[in-house]
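User: Could you take a close look at the cavities in this structure for me? I am in my first year, so please go slowly and link each step to the next.

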Amino acid sequence: MARYFKYKSSADVCADAAKLGHDLKATSDLSPLFQPIDVGGRTVGNRFCVQPMEGCDGTPEGFPDELTYRRYVRFGAGGAKLIWGEATAIEERARMNPRQLLINEATMPALEEMLADCRQAHVDAGYSTNDLLLGLQLTHSGRYSHKTPLMAMRDPILDLVTIDKATGKLVAADKPILTDAELERIGELYVTAAIRAAKIGCDFIDLKQCHRYLLSELLAAKIRPGKFGGSLENRLRLILDVIRAIRGECPDLVLATRMNVFDGIPFKGQGDEFVGQPITVSLPVETSFGAAADDPSQLDLTEPLEVVRRLVDAGIGLINVSLGNPYACPHYVRPAEMPPVDGYHAPEHPLLGVLRHFEATAAVQKAAGNVPVVGSGYSWLQDYAFEAGAANVRDGRCQFVGLGRGSLSQPDFAANLEKHGALNRKTVCRTFSYCTNLMRTKDHPWGQYATGCPPFDKEVYGPLWKEAEAKRVVPKAN
Ligand SMILES: Cc1cc2nc3c(=O)[nH]c(=O)nc-3n(C[C@H](O)[C@H](O)[C@H](O)COP(=O)(O)O)c2cc1C
């Protein structure tokens with residue numbers, strides 16, 4: 001298959017963007033990335049964000065394990081001042097996989113230790129924690145809960161590709177959605193989880209509304225009956241109630257949200273080349289947030305931007321923008337050179353995927369005013385990610401540059417940029433999807449392989465990769 005990334009300079013990337021009909025800016029002056037910024041009344045020392053990156057390496061009970069502690073020590077030592085802790089479930093039923101972190105009374109001390117280790121590593125590497133912002137992403141996995149889907153709505157599109165892990169089959173046509181009372185209970189669980197997160201030392205919590213997990217699905221639930229579906233007011237009712245309650249309980253906690261501003265629709269690989277094509281859907285599409293009803297491949301940010309304004313009014317102090325669905329349309333979430341095992345070959349130039357992120361994020365930053373916004377989807381740009389990021393920050397198109405896959409391969413990316421003005425070429429993520437492939441490997445005694453970067457964090461993840469491949473549970477990328 002075509003290799004897309006052939007650039008020798010950021011100017012080459014910008015020239016390719018122009019050929020694709022887009023305006024991409026990059027600058028070798030990285031100074032905008034080293035300016036401090038106020039986030040919810042706290043100073044954050046630079047504009048580097050470690051994105052939430054699940055290692056799927058907790059214990060079956062949801063405690064962090066050896067590799068989890070290791071990851072946060074590496075992130076802490078890496079120099080980024082915004083460390084966005086990974087998806088952490090608010091209850092057992094809400095976990096996306098059997099090794100996802102869980103926040104409850106039992107796990108609190110271990111999670112507290114994990115955060116403390118991260119801060120200590122920051123200090124040991126010569127940084128101050130006064131301007132470090134460290135938090136956790138609180139999640140309910142909704143239709144992607146690993147035991148059985150817990151859905152906010154029956155979605156005529158996503159239901160076609162949602163497997164019920166309890167049966168191994170497509171979700172049954174008569175499976176009920178969560179009731180209003182169940183959603184209210186989930187709201188209470190969010191508040192309890194936030195109080196616990198504040199107690200163990202989180203500077204912020206993220207009310208996760210992305211990637212079509214529960215609160216993300218609720219944003220799209222136009223066809224849900226009752227008080228949590230239909231109108232935008234109804235779809236926002238739960239998140240706004242949760243925000244209000246947390247603000248009352250934890251006035252000092254910075255409230256953040258990672259939100260989808262575009263869900264897209266599912267893609268499937270087609271033909272000998274297995275190139276992704278959108279599945280056939282009937283129009284207008286009603287259940288894809290941020291997608292144009294008559295052409296769901298196009299963004300319509302009217303509602304997402306209204307949601308941003310209302311969340312800011314309600315007290316959200318930090319926003320992280322994402323797109324797509326990691327199971328149904330991964331190319332929107334993380335533009336990649338090679339697809340993950342459950343994916344398809346790129347239906348578009350991955351640079352278009354990066355530009356979609358940048359353009360959506362710029363619109364969100366404009367709507368959010370003084371509330372800082374984190375941009376996503378940078379890893380595919382490899383060595384040039386931060387030249388583009390510096391231009392985005394300089395031009396007010398976002399306030400933080402988030403690194404996802406690249407932070408697994410090079411957790412000290414910020415320190416390298418600070419010391420050498422460049423990333424360490426040897427460990428720059430090439431977006432070959434090794435990390436996602438390990439994440440998709442379930443044939444492990446605990447039902448889930450831990451993930452990281454097999455090519456560049458070889459000592460730890462090389463053997464895991466070999467083991468997974470030997471069992472032939474990780475098919476070669478299509
Ligand atoms: C292994 C892996 C784990 C991830 N874990 C999370 C997570 O816990 N929460 C989340 O919102 N996104 C998660 N993501 C998505 C990333 O945060 C990020 O949005 C995506 O990889 C695109 O950014 P990038 O191009 O810098 O990699 C994960 C992605 C991968 C590959």
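Analyst: What follows is a walk through the enclosed spaces of this model, beginning with the largest cavity. Please keep in mind that the model is predicted. Rolling a probe the size of a water molecule over the atoms shows where empty space is left, and in this structure there are six cavities of 30 Å³ or more. The largest cavity has a volume of about 520 Å³, and among the 32 residues that line it, P52, M53, H211, V333 and R334 are the ones that lie nearest its centre. The elements that give two or more residues to this lining are β17 (400-403), α11 (405-409) and α13 (434-439), with α13 supplying the largest share, three residues. In chemical character the lining of the largest cavity is mixed, for it divides into 14 nonpolar, 12 polar and six charged residues.

The second largest cavity, at about 150 Å³, has a lining of 17 residues, and those nearest its centre are H331, R334, A336, Y344 and A346. Here α8 (330-333) and α9 (350-368) each supply at least two residues of the lining, which is made up of 10 nonpolar, four polar and three charged residues. If you look for R334 in the display, you will find that this residue is listed nearest the centre for the largest cavity and likewise for the second largest cavity.

How values were computed:
Residues are numbered from 1 along each chain as its sequence is written. This is a predicted model: local features need pLDDT of at least 70, side-chain atom pairs count only at pLDDT 80 or more; totals for chains, interfaces and linings use all residues. Side-chain values use heavy atoms; hydrogens and water are left out. On a 1 Å grid over the protein atoms alone, a cavity is a set of points where a 1.4 Å probe fits but cannot get out, and a pocket is an open set with protein on both sides within 12 Å along at least five of seven lines; lining residues have an atom within 4 Å of a point. Grid points are joined across faces, edges and corners, and a volume is the space filled by probe spheres set on the points. Helices (H or I, at least four residues) and strands (E, at least two) are DSSP runs, numbered from the N terminus. Ala, Val, Leu, Ile, Met, Phe, Trp, Tyr, Cys and Pro count as nonpolar, Asp, Glu, Lys and Arg as charged, and the others, Gly among them, as polar.
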